[in-house]
Amino acid sequence: MAPEVDSKRLNRLLREPTVDELRSSRRIKWHRYDADVLPAWVAEMDFPLAPAIRETIEGAIAEEGFGYPRLPMDPRFRDAFVGWMEQRFSRSVDPGMVRALTNVVQAFDIGILLYSEPGEGVVLQTPLYAPFHMSVDGNRRRRVESPLVRGAERYEIDFDHLSSVIGSDVRVFMLCNPHNPTGRVFERDELERLAELVLAKDLIVVSDEIHADLVYPGSNYLPFASISPEIAARTLTVTSATKAFNIAGLPMAVAIAGGPEMKKRLRQLPPMMLGHGGYLGNEAAIAAWRHGADWLDEVLGYLAGNLDLVSEFLQDRLPSVRFRPPEATYLAWLDCRGLDLPCQPFEFFLDKARVAMSDGADFGEPGEGHVRLNFATSPTILRESLERLAVAATGVA
């Protein structure tokens, strides 16, 4: 159930955008496809900026703040992140273990390069965000895939299969929690079993936790590195303010080294290889972490309402589509195989419904026959998108 929301405040902070307003922006989401296509693909929201972020950026522009940022990291940026983790998740982060990056995906490459050699294995829990696959392939490592399995209520880890595919030449485990695209938030018992396996197989973990700020009531995000000191020492955690606060165009991310040895390895890399966020990105993140909590709570209430809309619509109008509401993220993972479409659902709905979603095949073989729907938009646009899907699918029958 969605949390109670002050509707007047919600309307003020999250005024519903129109299609014309969104198309007038320069964001790729609204310009990759033809003008008659409703985009529901890339993971960004259609909502206005948090007021604190807007005011901060406008102030930086007024001051002509476009010089070089403080390197390797503005201490205000580090301290704001550490404070956010304590405030939001009651997690104490050692400031000395924090490293600024340009983006989250950069950490995938860093973890793979630091802890494996070409040809060695890297574990992926598929279906999985496409850049994970790209990082493994681009660094000439071998994908070791262990698909999540569809349980009675949600996707689950098949620990027997996972253990069986991790051979002696597998070095790195790529964890995504909350998981993209299924929306799973792995529970403590799952993470503890995973930790046992990581220790038994002598693995290093790169943990993408960028969706941690977008968890719905009823689920609890637990940082993987918090399971134990032994696991922390093996875990490179990466996150950013970009996803939850809708500022993906402002490069900035944070990596947390789990222990002194990992921190030492990171320092051995060429300094500019890690990159860093620019001044505006840093200032936006500081504003988000220091002053954005109320806005984010409003967003989560709004998203929960949209999620209810998706769930009810699919149940009523497209019951052949298998769907389990995500525990986090604003992404709906739709199994369309029951529709018996004449081609892949991404192609079908783009052509017949003029709705652009993410192609499930991009998330690995288990994503065949699926699409990922971004529901972080206005209810009006969301209803129109869903209606188009239903009309197109009905036409097949």
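How many disulfides does a search of the whole structure find? The count is 0. The structure is a predicted model. Two cysteines illustrate the result. Cys343 takes part in no disulfide. The nearest cysteine sulfur belongs to Cys336 and lies 11 Å away. A disulfide requires sulfur atoms within 2.5 Å, so this pair does not qualify. Cys343 is partly exposed, with a relative accessible area of 32%. Cys176, in turn, counts as buried, because its relative accessibility is 1% and the cut-off for burial is under 20%.

The overall fold comprises 14 helices and 14 strands. The radius of gyration is 21 Å. The globule rule gives 21 Å for 397 residues, so the protein is as compact as a globular protein of that length. Along the principal axes, the C-alpha atoms fill a box of roughly 60 × 55 × 35 Å. Of the 397 residues, 57% count as buried. The exposed surface of the protein amounts to about 17300 Å². Carbon and sulfur atoms supply 49% of that area. Contacts often span long stretches of sequence. Among those between residues at least 6 apart, 75% join residues at least 24 apart.

One open sheet has 5 strands. Their order is E1-E13-E14-E12-E11, and the pairing is mixed. Strand E1 (38-40) and strand E11 (322-323) stand at the edges. Each has a single partner strand, so one side of each is left without a neighbour in the sheet. Strands of a sheet pair through backbone hydrogen bonds, either parallel or antiparallel. E1 and strand E13 (residues 355-359) run parallel and are joined by 3 bridges. Ala40 has Met357 of E13 as its bridge partner.

The interior holds a nonpolar core of 110 residues, the largest in the structure. Within this core, Phe245, Leu303, Tyr330 and Phe349 touch the most other members. Helix H12 (residues 293-317) gives the most to the core, with 13 residues. Phe349 can be followed in detail. Leaving aside residues up to four places away in sequence, Phe349 touches Cys336, Leu339, Leu341, Arg354, Val355, Met357, Leu389, Ala392 and Ala393. One of these, Met357, is also the bridge partner of Ala40. Another, Cys336, carries the cysteine sulfur nearest to that of Cys343. A second, separate core contains 25 residues, including Tyr155, Ile157, Phe159 and Leu194.

Definitions and conventions. Residues numbered from 1 in each chain as written. Predicted model: local features only at pLDDT ≥ 70, side-chain atom pairs only at ≥ 80, totals over all residues. Heavy atoms only, no water. Pairing = 2+ DSSP bridges. Helix = DSSP H or I, 4+ residues; strand = E, 2+ residues; numbered from the N terminus. Core = buried A, V, L, I, M, F, W, Y, C linked by side-chain atoms within 4.5 Å. Buried < 20%, exposed > 50% of the residue type's maximum accessible area, 1.4 Å probe, protein only. Contact = heavy atoms within 4.5 Å. Rg over C-alpha atoms; globule rule 2.2 N^0.38 Å. Areas by Shrake-Rupley, 256 points an atom, 1.4 Å probe, with all protein chains shown as cover.
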